[in-house]
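The following exercises invite the reader to work through a protein model step by step. Each task is followed by a worked solution.

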Amino acid sequence: MWQPLMAALPAEQCVITMDLPGHGKSECLGYIHSMQDMAEAVKAVLYQEDIEEVQLVGHSMGGYVGLAFAKANQKQVKRIALLNSTPLADTEERKEIRLRATEAAQQAYPALVSMSVANLFAPKNHQKLKTQINTVKEEALKTPVQGYIAAQLGMMQREDHSDFWKTATQSRCLILGQEDSLIDWKAHRALFKAYAPVVAIDSGHMSLIEKEEETILQLLKFLKIE
């Protein structure tokens, strides 16, 4: 998903995309992957690559991980952008949905992934982006069931970072989809626009795929890369 953004960045820009624990080629660390656990994995990669200062861009769960990392390593983070993500913790309703999803994953994982991925896109884009949606489904199925469950339980237990978002010294922004069924962009604008920019994209939860060019332009603008 990040390849179009990487292609738009200057060749001399150092870019790191990593498989978070339980995803891709990164093994599971345990039954639950807390956002702090994943942030520690990010820190380990940066230490290995000898990188002292970073600009973080996190999509969805990646945003939660970025927040956990930025709070624990404030001097190391220059900027943080949350893409289709939120500083808020899960509501009780959302926690219940995650619990049901972990149960379903153990019974019918491919069907769960297919339904979940489709719901991430704005309904009006389902037919137009059919090929891209199928590609996302194929990639999502590469995440093992245990990796999915560990991530869901970790997200369910994450802390509320609203106060940190409001008071953080790093440059920060929210880039949200106007038709995102998971994150209410208008509510977030009301809550956070006084503290950092809130940018609305005409998309669902997958802005970088649904509105690639516009999302990349907003990210480059925030990262101050012309």
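Two residues are in contact when heavy atoms lie within 4.5 Å of each other. The model examined here is a predicted one.

**Exercise 1. The nonpolar cores**

Task: Identify the residues with the most contacts inside the largest nonpolar core, and state which elements supply it.

Solution.
Step 1. The largest nonpolar core contains 31 residues. Within it, the most contacts belong to Met35, Met61, Val65, Phe69, Ile80 and Trp165.
Step 2. At least two residues of this core come from each of the following: helix 2 (35-48), strand 1 (54-59), helix 3 (61-72), strand 2 (77-83), helix 6 (145-156), helix 7 (162-167), strand 3 (171-177) and helix 8 (185-192).
Step 3. Helix 3 gives the most, namely 7 residues.
Step 4. Methionine 35 may serve as an example. Neighbours within four places in sequence being set aside, methionine 35 is in contact with Met61, Tyr64, Val65, Ala68, Ala151, Gly154, Met155 and Arg158.
Step 5. Another core, of 16 residues, lies apart from the largest one; Ala105, Tyr109, Val113 and Met156 are among its members.

**Exercise 2. The sheet**

Task: Determine in what order the strands of the open sheet are arranged, and which strands stand at its edges.

Solution.
Step 1. The open sheet is formed by 4 strands in the order 1-2-3-4, with parallel pairing.
Step 2. Strand 1 and strand 4 (198-201) each have a single partner strand, so they stand at the edges and one side of each is left without a neighbour in the sheet.
Step 3. From one strand to the next, the twist averages 15°.
Step 4. Strand 1 and strand 2 run parallel and are joined by 6 bridges. Histidine 59 has leucine 83, in strand 2, as its bridge partner.
Step 5. Strand 3 pairs with strand 4 over 4 bridges, again in the parallel sense. Here isoleucine 175 stands opposite valine 199 of strand 4.
Step 6. Helix 3 packs on the sheet and touches strand 1 and strand 2, and its direction makes about 145° with that of strand 1. Together, strand 1, helix 3 and strand 2 make a right-handed β-α-β unit.

**Exercise 3. Histidine 33**

Task: Decide whether histidine 33 is buried or exposed, and find the backbone atoms that its side chain reaches.

Solution.
Step 1. Histidine 33 is placed in the loop between helix 1 (3-8) and helix 2.
Step 2. The relative accessible area of histidine 33 is 0%. The limit for a buried residue is under 20%, so histidine 33 is buried.
Step 3. The side chain of histidine 33 reaches the backbone oxygen of proline 21 at 3.3 Å and the backbone nitrogen of leucine 29 at 2.8 Å.
Step 4. Beyond its neighbours within four places in sequence, histidine 33 is in contact with Pro21, Gly22, Cys28, Met38, Ala150 and Gly154.

**Exercise 4. Two residues with positive phi**

Task: For aspartate 50 and asparagine 84, establish where each is placed and whether each is buried or exposed.

Solution.
Step 1. Aspartate 50, in the loop between helix 2 and strand 1, has a phi near 60°, a positive value in a residue other than glycine.
Step 2. Because its relative accessibility is 64%, aspartate 50 counts as exposed.
Step 3. Asparagine 84, in the loop between strand 2 and helix 4 (92-120), has a positive phi of about 50° although it is not a glycine.
Step 4. Asparagine 84 has a relative accessible area of 0% and is therefore buried.

**Exercise 5. Threonine 102 and leucine 88**

Task: Describe the surroundings of threonine 102 and of leucine 88.

Solution.
Step 1. Threonine 102 lies in helix 4 and, at 7% relative accessibility, counts as buried.
Step 2. The side chain of threonine 102 reaches the backbone oxygen of leucine 99 at 2.6 Å. Leaving out neighbours within four places in sequence, threonine 102 is in contact with Ile149, Gln152 and Leu153.
Step 3. Leucine 88 is found in the loop between strand 2 and helix 4. With a relative accessible area of 23%, leucine 88 is partly exposed.
Step 4. Leucine 88 and aspartate 160 are 72 residues apart along the chain, and their C-alpha atoms are separated by 4.9 Å.
Step 5. Not counting residues up to four places away in sequence, leucine 88 touches Arg158, Asp160, Ser162, His188, Leu191 and Phe192.

Notes
Residues are numbered from 1 along each chain as its sequence is written. This is a predicted model: local features need pLDDT of at least 70, side-chain atom pairs count only at pLDDT 80 or more; totals for chains, interfaces and linings use all residues. Side-chain values use heavy atoms; hydrogens and water are left out. A nonpolar core is a set of buried Ala, Val, Leu, Ile, Met, Phe, Trp, Tyr and Cys residues joined through side-chain atoms within 4.5 Å. Buried means under 20% relative accessible area, exposed over 50%, partly exposed in between (1.4 Å probe, protein chains only). A polar contact is a pair of N or O atoms within 3.5 Å; within protein, one must be able to donate a hydrogen and the other to accept it, and residues adjacent in sequence count only if both atoms are side-chain atoms. Two strands pair if DSSP finds at least two bridges between them. Axes are lines fitted to C-alpha atoms, for helices over the stretch in contact, and angles run from 0 to 180 degrees between N-to-C directions. A crossover is right-handed if, with the strands pointing away from the viewer, the path from the first strand over the helix to the second runs clockwise.
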